[in-house]
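Work through the following exercises with the model open beside you, attempting each task before reading its solution.

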Amino acid sequence: MQSVRKNARGVTTREVLRSNDTAKRSAEIVVAARELYEEKGLAHTSIQDITNHVGVTRSLFYHYFQNKEEVTSAVLDQYITDFIEAMQHWHESQAVQETDESLHSMVKIMRMVLFEKNTFRMALSTQENAALYLDFLNRFAAQGAEFMVAHPLTTPTKYSEQSDHLYETFYVLIVGLVSYLRSHPDADDDVLIDVVSRMLHIEQVA
């Protein structure tokens, strides 16, 4: 009889492989949903469309997700992950950028997240999906604020000397910027940068 190996946590190799397969299949469904949402829009994509795109049965879909809303939530998580990855690249580039140039880069990332052209992004802007958009915005602001607290500007600034309510400051700043950009998409970058600088008291420390 073949023995079953266990790791340090007492998990068998078979259980690890099963978990990996589950994660892979779940990710494939999310990717398919995202592709269809971006191509056809949220309202015009059904669970059957998603399962056909992946090549699985509806029963297998329901094994991983309870409904369309749950897979849509996972798609929103992917968008937020994309944003955090972009912010990570931004943070790494700060070492070779002046503060003003770094803030310009941050605004460009915000515009990219908000205005990338696809039908799913446009669907989030409709009254029909207002609750979904608010959920996305709250999660987007929460993770963005957490990132900014953990990755401050590399150039010494007055804001980096403060420790009280940094998370709340970034959260409000992100929500405010997103809301303003949605209603004023043609706003000049210099205006936005001035607002950010004033809110965060960004000045070179003598």
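**Exercise 1: the nonpolar core**

Task: find which residues phenylalanine 140 is in contact with, leaving aside its neighbours within four places in sequence.

Solution: With contact taken as heavy atoms within 4.5 Å, phenylalanine 140 meets Ile80, Phe83, Met110, Val113, Ile174 and Val178. This is a predicted model, in which local features need pLDDT of at least 70 and side-chain atom pairs count only at pLDDT 80 or more, while totals for chains, interfaces and linings use all residues. Residues are numbered from 1 along each chain as its sequence is written, and side-chain values use heavy atoms, with hydrogens and water left out.

Next, place this residue in its surroundings: Phe140, together with Ile50 and Val71, touches the most other members of the largest nonpolar core, which has 55 residues. Such a core is a set of buried Ala, Val, Leu, Ile, Met, Phe, Trp, Tyr and Cys residues joined through side-chain atoms within 4.5 Å, where buried means under 20% relative accessible area, exposed over 50% and partly exposed in between (1.4 Å probe, protein chains only).

**Exercise 2: a salt bridge**

Task: decide whether aspartate 189 and arginine 111 are buried or exposed, and state how they pair.

Solution: Aspartate 189 has a relative accessible area of 19% and is therefore buried, and arginine 111, at 17%, is buried too. Their closest N and O atoms are 2.9 Å apart, which makes a salt bridge (a side-chain nitrogen of Lys or Arg within 4 Å of a carboxyl oxygen of Asp or Glu). The whole structure holds eight salt bridges.
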